[in-house]
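This report walks through one protein structure, taking its sheets, helices, core and ligand surroundings in turn. Keep the sequence and the 3D view open while reading.

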Amino acid sequence: MKSIFGDQIQICLFGESHSPAVGAVLNGLAPGIRLDLEFIQSQMDKRRAKGRISTARREADEVRFLSGFFNGYTTGTPLCLLIENQQTRSGDYEAAKWLPRPSHADYTAFEKYGGFQDYRGGGHFSGRLTAPLVAAGGIALQILKSHGIRVGTHILRLGDWKDTAFSSQETELEQQIDRLNGDGFPTLDADVEGSMIRAVEEAASEGDSLGGVLETAVVSLPAGVGEPFFCSVESKLSQLLFSIPAVKGVEFGLGFGFAGLRGSQANDPFRLEKDRVTTQTNHNGGLNGGITNGMPVLFRTAVKPTPSIYQPQDTVDLEKRENARLQIQGRHDPAIIHRARVVVDSMAALGLLDLLTERFGPRWMTEGTP
Ligand SMILES: Cc1cc2nc3c(=O)[nH]c(=O)nc-3n(C[C@H](O)[C@H](O)[C@H](O)COP(=O)(O)O)c2cc1C
C-alpha cells in the first residue's frame with residue numbers, strides 16, 4: 001500500500017474510520033517553524049460536518065501533536081499528528097459486511113485485502129482520512145502564507161447550481177481568496193449559497209446525494225517552481241487531488257475547454273508590468289511546461305455525489321455469491337463538496353510546499369528565497 005507521498009516534504013497517512021484514531025506523520029519540515037494551532041483548528045472546523053447538509057457523525061476533531069513539535073515550534077524531526085475517532089457506531093456496518101455499497105471502495109478493498117480490511121465506516125477509504133490531511137495541510141498553508149502565497153477554493157458548481165468563476169484581476173482575486181477563507185460555505189456569489197444548500201437538503205430528503213466542482217486559485221507563487229517531467233506542478237497536484245476520496249476530475253486553466261479553441265484564442269500573450277513578466281490572459285492557469293510562470297495557478301476539481309445513498313440499490317452478496325438488494329445504514333454526507341473544499345486547499349499546499357522546498361531548499365521555509 002502506498003500511503004506515503006512527497007519528495008522533500010513527505011506525508012504518511014494512517015488510520016481507519018472506526019479505529020481509535022486517524023493521523024499523519026510529516027517528514028522534512030524545517031526546524032523553527034512557529035505553528036499557529038488556532039489556525040489549524042479553524043481549518044479542521046471547515047471540514048467538520050455541520051447542519052443538515054452533512055453527515056450526522058459529529059467529531060470534535062481536536063489535533064494532538066505526538067512528536068516534532070515543542071514549545072510552539074517544529075523541531076525538524078518527524079511530526080506526528082493524531083485525531084481521535086470518538087463518534088463511531090460500528091454496528092451500523094455489520095449487516096452490510098458482505099454487501100458492498102455501489103461506487104464505494106467496499107468491493108475493491110475486499111478484493112485487494114482478501115477480506116482482512118476494516119470495513120467499518122469505509123475503513124481506510126472513509127472521508128474521515130481527510131481529517132489528518134487537513135491538519136497537515138494547515139501547517140503547509142501557514143508556511144506558504146508566511147511567504148505571501150495564498151490558496152483559496154470556492155464551490156463553482158453544486159448539482160445544477162453554478163457560482164461565478166474567479167476574477168481574472170489579480171488584486172480582486174486576492175480579495176476573493178481572503179473572503180472565501182473566512183467562509184464556512186464558500187461561494188463568490190452570495191445569492192447562490194441558499195439555492196445550493198436547499199438542493200443538498202432536497203436530495204437528502206429523497207435519500208439521494210449531489211456532486212459538484214470546486215475551483216481553486218493560488219496567488220503569489222514565484223515563477224520557476226515545478227520539477228518536470230514527472231513532478232510538474234500539474235502532475236504533483238493532480239496525484240494529490242485524485243487521492244482525495246470521491247474526486248473524479250481535475251483540470252488546470254481552461255483544461256478540457258482548450259479542446260475547442262485555436263492557438264490564437266488559447267495562448268496567453270506576455271507583457272512586462274513594472275519589470276515583472278506577466279500574461280495578458282491566464283488560460284494556462286499559471287503553468288507552462290509544468291512550471292509556474294508567476295501568474296495565479298488555477299484548477300478545478302470534480303467531486304462525485306456521495307456513494308452512500310439511502311435508496312435501495314442492487315449489489316451482490318459476497319458471502320453467498322448471489323445478487324442482493326442493499327438498504328444502507330449509517331451516517332453519511334448528502335454532499336461532500338463543501339467539506340472537500342478545505343481538503344483541496346490542504347493537498348494543494350502540501351504539493352506546492354514540496355515543490356518549493358525542492359526549488360529553494362528547506363531553509364526557504366523559515367528564511368525565504370535565497
Ligand atoms: C470529506 C469527505 C466526506 C465523505 N463522506 C462520505 C460519506 O459520508 N459517505 C460515503 O459513502 N462516502 C463519503 N466520501 C467519499 C468516499 O470516501 C469515496 O467515494 C470512496 O472512498 C470511494 O472512492 P472514490 O469515490 O474515489 O472511487 C467522503 C469523501 C470526503 C472527501
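In this predicted model, R157 has K162 of strand β9 as its bridge partner. The two strands concerned are β8, residues 150-158, and β9; they run antiparallel and are joined by two bridges. They form a hairpin with two residues between the strands, and in this hairpin G159 takes a positive phi near 55°.

On another side of the pairing, β8 is joined to strand β10, residues 212-219, by eight bridges, and this pair also runs antiparallel. One bridge in β10 links A217 to G152.

Is β8 buried or exposed? A residue counts as buried if 20 or more other C-beta atoms lie within 10 Å of its own. Nine of the nine residues of β8 are buried, so the strand is largely enclosed by the rest of the structure.

These strands belong to an open sheet of five strands, in the order β9-β8-β10-β16-β11, with antiparallel pairing. Which strands stand at its edges? They are β9 (161-162) and β11 (247-252); each has a single partner strand, so one side of each is left without a neighbour in the sheet. Helix α6, residues 233-242, packs on this sheet and touches β11 and β16 (297-303). The direction of α6 makes about 160° with that of β11.

**A second sheet**

Strands of a sheet pair through backbone hydrogen bonds, either parallel or antiparallel. A further open sheet of five strands has the order β1-β2-β3-β7-β4, and its pairing is antiparallel. Here β1 (4-5) and β4 (63-67) are the edge strands; each has a single partner strand, so one side of each is left without a neighbour in the sheet.

Three of the pairs in this sheet are listed below.

| Strand pair | Bridges | Example of partners |
|---|---|---|
| β1 and β2 (residues 10-15) | two bridges | F5 opposite I11 |
| β2 and β3 | six bridges | G15 and V22 |
| β3 (residues 21-27) and β7 (residues 79-84) | six bridges | G23 and L82 |

Two hairpins occur along this run of strands. The hairpin of β1 and β2 has four residues between the strands, and G6 takes a positive phi near 115° in it. The hairpin of β2 and β3 has five residues between them.

**The nonpolar core**

In soluble globular proteins, nonpolar side chains tend to be buried together. The largest nonpolar core of this model has 77 residues, and A135 and A136 touch the most other members. Helix α8 gives the most to this core, with 13 residues.

Which residues does A135 contact, leaving aside its neighbours within four places in sequence? They are A24, I40, M44, V63, L81 and I83. Of these contacts, A24 falls in the range of β3 (residues 21-27), and V63 falls in that of β4 (63-67).

**Helices α1 and α8**

Two packed helices are described by the angle between their axes and the distance between the axes. For helix α1 (residues 37-47) and helix α8 (residues 337-360), the axes come within 7 Å and cross at roughly 145°. On the α1 side the contact is made by Q43, K46 and R47, and on the α8 side by R339, V342 and V343. By class, this contact has two nonpolar, one polar and three charged residues.

**Around the ligand**

Helix α8 appears again at the ligand: with three residues, α8 provides the largest share of the surrounding shell. There are 21 residues around the ligand, and F125, G127, P245, S308 and H332 come nearest. The shell divides into nine nonpolar, nine polar and three charged residues.

**W364 in helix α9**

W364 lies in helix α9, residues 364-367. How many C-beta neighbours does W364 have inside 10 Å? The count is 19, so W364 is classed as partly exposed; the cut-off for buried is 20 or more. Leaving aside neighbours within four places in sequence, W364 is in contact with L356, T357 and T369. From W364 to L353 the separation is 11 residues in sequence and 9.9 Å in space, C-alpha to C-alpha.

Methods. Residues numbered from 1 in each chain as written. Predicted model: local features only at pLDDT ≥ 70, side-chain atom pairs only at ≥ 80, totals over all residues. Axes fitted to C-alpha atoms, helices over the stretch in contact; angles between N-to-C directions. Contact = placed C-beta atoms within 7 Å. Nonpolar A, V, L, I, M, F, W, Y, C, P; charged D, E, K, R; others polar. Near = placed C-beta within 6 Å. Pairing = 2+ DSSP bridges. Core = buried A, V, L, I, M, F, W, Y, C linked by C-beta atoms within 7 Å. Buried ≥ 20, exposed ≤ 12 C-beta atoms within 10 Å, placed from the backbone.
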